[in-house]
Amino acid sequence: MRAILDAHPDVRCGGETMLLPSFLEWQAGWRNDWVNNSGITRDVFDDAVSAFITEIIAKHGELAPRLCNKDPYTALWLPTIRRMYPNSKFILMIRDARAVIHSMIDRKVPVAGYNTSDENSMFIHWNQEIRKMLFQCNKSPGQCIKVYYERLIQKPSEEIQRITYFLDLPYSTQMLKHHELIGAEVDLNDQEFSASQVKHSINTDALTSWFDCFSEETLQKLDDLAPFLSILGYDTSAAKPDYSMFADDNFYQFRNAYS
Ligand SMILES: Nc1ncnc2c1ncn2[C@@H]1O[C@H](COP(=O)(O)OS(=O)(=O)O)[C@@H](OP(=O)(O)O)[C@H]1O
């Protein structure tokens, strides 16, 4: 998603900072003490925190009319970020937890809170995190949209138009060709875990890469471990679900209040 946005002439996301998720967690821990007679009010602390974030985002790449940042799970801090950046907009990327967890295990992506040697606990953790992020996103109408990975890769042009409309940006066909702009408009850091895939045009290869990778026992317990999977419209009854419904023209008409 961030490479697609980077391909827009007015946008610069750049690679993951790998720092902001830990920084956001750290600053939250200090907030309990702001009324400790030190004179550091919430506003003062917000100014200091946002100054740090702005410097990192602005200076870790080229300046552009629109700056963006992509780091995993920053949506957990949506209320704090919204308060500090009232004009900010958020894209909550949603993907089948089975694919997310398979990706973390297979690529050995270290994400805080996930124990890659216990797949059941990973589904439970995903469920907790997505619940919080959906709740925050739903409480931010006009400022947060949900984008389903399974729809983005099957209907890229429609989804990208939806995203640019939400971001109040002109649609750019360059966004469909991010792979042709790597090294120019799109800066790609080979340290990023998915760099080898991002180099390709938008494709559906990763849709089914998790098939046959989980134990039968885990797959049968999914509705207990991660009830948000079916709330979000994923078929938990099949070992090899059909994702074509995410490409339906009326996909958004059938979303429930949460999804
Ligand atoms: N061009 C293109 N088309 C379709 N899908 C693509 C593309 N580039 C990356 N990907 C898939 O995105 C998954 C990684 O996303 P992220 O970069 O956000 O992940 S990560 O934070 O680095 O883990 C990762 O999923 P998995 O393969 O399941 O790990 C990638 O395959």
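**Helices, a ligand and a pocket, term by term**

Modeller: The cover over the buried residues of α5 includes α6 (119–138), α10 (216–220), α11 (222–225) and α12 (228–231). This is a predicted model, where local features need pLDDT of at least 70, side-chain atom pairs count only at pLDDT 80 or more, and totals for chains, interfaces and linings use all residues. Residues are numbered from 1 along each chain as its sequence is written, and side-chain values use heavy atoms, with hydrogens and water left out.

Biologist: What makes a stretch a helix here?

Modeller: A helix is a DSSP run of H or I with at least four residues; a strand is a run of E with at least two; both are numbered from the N terminus. Helix α5 spans residues 97–107. K108 follows α5, and its phi is positive, near 55°.

Biologist: Which residues of α5 are buried?

Modeller: They are A97, R98, A99, V100, I101, H102 and M104.

Biologist: Why is Q27 called buried?

Modeller: Buried means under 20% relative accessible area, exposed over 50%, partly exposed in between, with a 1.4 Å probe and protein chains only. Q27 has 0%, so Q27 is buried. Q27 sits in helix α2 (residues 20–30).

Biologist: What does Q27 touch?

Modeller: Contact means heavy atoms within 4.5 Å. Not counting residues up to four places away in sequence, Q27 touches F45, V49, W77 and T80.

Biologist: Is E129 buried or exposed?

Modeller: E129 has a relative accessible area of 8%, so this residue is buried. E129 lies in helix α6. Beyond its neighbours within four places in sequence, E129 is in contact with Y73, L76 and Y114.

Biologist: How do you know that S103 makes a polar contact with the ligand?

Modeller: A polar contact is a pair of N or O atoms within 3.5 Å; within protein, one must be able to donate a hydrogen and the other to accept it, and residues adjacent in sequence count only if both atoms are side-chain atoms. A polar side-chain atom of S103 lies 2.5 Å from a ligand oxygen atom, so the pair qualifies.

Biologist: Which backbone atoms lie by a ligand nitrogen atom?

Modeller: A polar backbone atom of Q197 is 3.3 Å from a nitrogen atom of the ligand. For a polar backbone atom of S201, the distance to a ligand nitrogen atom is 3.2 Å.

Biologist: Which polar atom of L24 lies by the side chain of Q27?

Modeller: The backbone oxygen of L24 is 2.8 Å from a polar side-chain atom of Q27.
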